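Trainee: I am new to this structure and would like to understand the words people use for it. Could we go through them together?
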Amino acid sequence: MGDVGILKKKTMICTPLMGQSVEQMVSEMKKAKMEGADLVEMRLDYINDFHPQRDLQIILRNKPLPVMIVYRPKWEGGQYDGDEHSRLEALHLAEELGADYIDIELKVASIFMGKQKMDQHSTCKTIVSCYVDGMTPPIEGLSCCVARLQSTGADLIKLVINATNITEITKILHLLSHCQMPLIAYSIGDRGFMSQVLCPKFGGFLVYGSLEGSPVSGLPTLESLRQAYQVQYINEDTKVFGLISKPVGHSKGPVLHNPAFRHLNYNGIYVPMLVDDLKEFFSIYSSPDFAGFSVGIPYKEAVTGFCDELHPLAQSIGAVNTIIRKPTDGKLVGYNTDCEAAVTAIEDALRESRYPNGEASLTSPLTGKQFVLVGAGGAGRALAFGARSRGARLVIFDIDFDRAKSLADAVSGEVKHYEDVVNFQPEKGAILANATPIGMHPNTDRIPVAEETLSDYQLVFDSVYTPRKTRLLKEAEAAGAIIVSGVEMFLRQAIGQFNLFTGGEEVSMA
């Protein structure tokens with residue numbers, strides 16, 4: 001990950017269309033324009049009973065925005081399995097009828113472009129593409145592939161990989177920033193998501209975004225590119241922040257941090273980062289371009305070992321949810337904004353129920369209360385230390401008994417075996433906090449405790465925030481308990497993170 005190389009024109013947003021009829025393709029073209037696409041990629045190989053002479057005229061006569069024509073054969077991962085000569089003829093016809101771009105595979109580029117040179121009047125641009133199937137080769141191998149693509153004489157070139165690890169994305173970003181001609185490069189699949197969103201920073205020709213209601217694995221939606229990520233503002237100086245987690249699909253971080261960056265005119269972008277191996281990740285993503293990270297499940301404890309420095313609170317808790325890269329020496333500093341976020345969300349809910357008119361109370365409403373904590377991972381540790389700092393008495397359950405005992409010892413609490421949680425009878429007026437993924441989408445039908453005990457709790461907190469109101473919270477509310485959603489903790493910890501990301505800038509998330 002070096003400096004950004006050749007400066008490129010503004011990155012366009014392209015929407016892939018895979019309609020099964022011409023009518024559907026024309027309708028989706030119009031929808032793509034309304035949702036903010038700059039051009040569409042038309043996959044002819046998906047159209048049933050495709051007749052080039054008839055269908056291409058309808059498509060290209062009705063195009064409301066520039067069109068890239070792709071007619072992908074099965075040998076390159078597409079749907080077309082017919083005669084090769086007929087396929088190439090259809091692409092030439094699309095060029096004649098007014099297509100703006102034609103995508104042709106590297107394997108047959110010389111054949112296609114040999115005939116194309118006879119027509120000196122065509123304004124259609126040719127994209128020569130290559131899909132690297134299987135394991136992603138080293139950067140030298142990908143560079144050789146790019147050189148072969150360039151040698152064809154194409155107007156643009158395209159390279160697609162299928163990354164099995166987020167660390168492979170850096171190869172794509174390197175190629176984008178150093179290519180001497182317009183390049184489209186990305187990875188498909190969930191681990192390729194970041195290659196799309198960061199494409200404008202590293203000089204890519206276009207970024208792909210799917211239509212609303214037609215999700216494509218590894219692609220952001222058009223709406224998210226324009227609204228949440230606002231890729232139109234990304235440039236080579238944009239600082240990258242992201243969520244290190246597994247999974248990452250539940251995260252609301254991008255829709256919170258990115259608009260806040262824009263609100264402050266701060267040149268930053270926040271992206272989900274599906275990480276499989278922390279050591280490998282931090283060894284590869286060491287560039288100053290990657291200025292900070294949020295840390296989620298299941299890495300909040302393990303990531304402390306990859307920080308060069310720990311804030312005292314994070315060190316005492318033994319968990320980190322925010323990392324900042326020092327601009328001076330590149331060292332990683334770990335913080336914990338979960339602790340205060342969680343405990344103040346609970347305290348405020350208790351105070352509001354006790355003092356509805358907003359009277360002040362200097363004593364924490366948690367003082368002396370039994371605090372039943374399910375989960376002793378990173379979020380659980382933050383909750384435990386926060387509750388203990390307010391004088392609560394901890395009872396801790398975790399599927400890993402040794403982990404629960406270690407945390408209980410650290411906060412002078414009581415440890416219980418996890419299998420006993422369903423039979424545990426709390427004190428009347430106790431606090432229950434779920435710090436496990438139980439109840440998280442898509443497995444939303446489970447709760448961590450016995451339903452009949454919920455009426456004994458004064459307040460129930462759930463760190464899960466997708467869905468906003470989990471089954472645990474619904475059952476607790478029905479039983480008469482005060483409920484606090486994980487959204488409250490998420491918003492509060494995110495404000496702390498945002499201040500760290502931006503060097504202490506103030507912003508209201510209200």
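Mentor: Gladly! Keep in mind that this is a predicted model. Let's start with helix H3, residues 84-96: at 1.5 Å a residue, its 13 residues should span 18 Å, and the end C-alpha atoms are 19 Å apart, which agrees.

Trainee: What makes aspartate 83 a cap for H3?

Mentor: One of its side-chain oxygens lies 3.3 Å from the backbone nitrogen of histidine 85. A polar contact needs N or O atoms within 3.5 Å, so this pair qualifies, and aspartate 83 caps the N-terminal end of H3. After the helix comes glycine 98, with a positive phi near 115°.

Trainee: Which residues of H3 are buried, and which strands does the helix lie across?

Mentor: The buried ones are Arg87, Leu88, Ala90, Leu91, His92, Leu93, Ala94 and Glu95. H3 lies across strand S3 (67-70) and strand S4 (101-105), and runs at about 160° to S4.

Trainee: What links Leu91 and Ala94 to isoleucine 69?

Mentor: Isoleucine 69 touches both, and its contacts also include Met42, Leu44, Leu56 and Tyr101. Isoleucine 69 is, with Met42 and Met273, among the residues with the most contacts inside the largest nonpolar core, which has 91 residues. Apart from that core lies another, of 34 residues, among them Ala387, Leu407, Val411 and Ala433.

Trainee: Why are strand S7 and strand S8 said to stand at the edges of their sheet?

Mentor: The open sheet has 8 strands in the order S7-S6-S5-S4-S3-S2-S1-S8, with parallel pairing. S7 (183-187) and S8 (206-208) each have a single partner strand, so one side of each is left without a neighbour in the sheet. On average, neighbouring strands here are turned by 25° against each other, direction ignored.

Trainee: How do you know that strand S5 and strand S6 pair?

Mentor: Pairing takes at least two bridges, and S5 (residues 125-131) and S6 (residues 156-161) have 5, so they pair, in the parallel sense. Valine 128, for instance, stands opposite isoleucine 157 in S6. Helix H6 (residues 169-178) lies across S6 and S7, at about 170° to S7.

Trainee: Why is glutamate 309 called partly exposed?

Mentor: Its relative accessibility is 31%, between the 20% limit for buried and the 50% limit for exposed, so partly exposed is the right term. Glutamate 309 is found in strand S12. Leucine 332 is 23 residues away in sequence, yet the two C-alpha atoms are 6.5 Å apart in space.

Trainee: And what makes threonine 337 buried?

Mentor: Its relative accessible area is 13%, and buried means under 20%, so threonine 337 counts as buried. Threonine 337 is found in the loop between strand S14 (332-335) and helix H12 (338-354). Its side chain reaches the backbone oxygen of glutamine 493 at 3.0 Å.

Trainee: Why is strand S18 described as largely enclosed?

Mentor: 5 of the 5 residues of S18 (residues 430-434) are buried, so the rest of the structure largely encloses the strand. Ala430, Leu432 and Asn434 point one way, while Ile431 and Ala433 point the other way. In a regular strand, side chains alternate between the two faces of the sheet.

Trainee: Which strands pair with S18?

Mentor: Strand S15 (residues 370-374) pairs with S18 over 4 bridges, and strand S19 (residues 457-462) does so over 5 bridges. Both pairings are parallel. Phenylalanine 371 has isoleucine 431 as its bridge partner, while alanine 430 stands opposite tyrosine 457 in S19.

Key:
Residues are numbered from 1 along each chain as its sequence is written. This is a predicted model: local features need pLDDT of at least 70, side-chain atom pairs count only at pLDDT 80 or more; totals for chains, interfaces and linings use all residues. Side-chain values use heavy atoms; hydrogens and water are left out. The expected span of a helix is 1.5 Å times one less than its number of residues. Buried means under 20% relative accessible area, exposed over 50%, partly exposed in between (1.4 Å probe, protein chains only). A polar contact is a pair of N or O atoms within 3.5 Å; within protein, one must be able to donate a hydrogen and the other to accept it, and residues adjacent in sequence count only if both atoms are side-chain atoms. A nonpolar core is a set of buried Ala, Val, Leu, Ile, Met, Phe, Trp, Tyr and Cys residues joined through side-chain atoms within 4.5 Å. Contact means heavy atoms within 4.5 Å. Axes are lines fitted to C-alpha atoms, for helices over the stretch in contact, and angles run from 0 to 180 degrees between N-to-C directions. Lists of a residue's contacts leave out its neighbours within four places in sequence.
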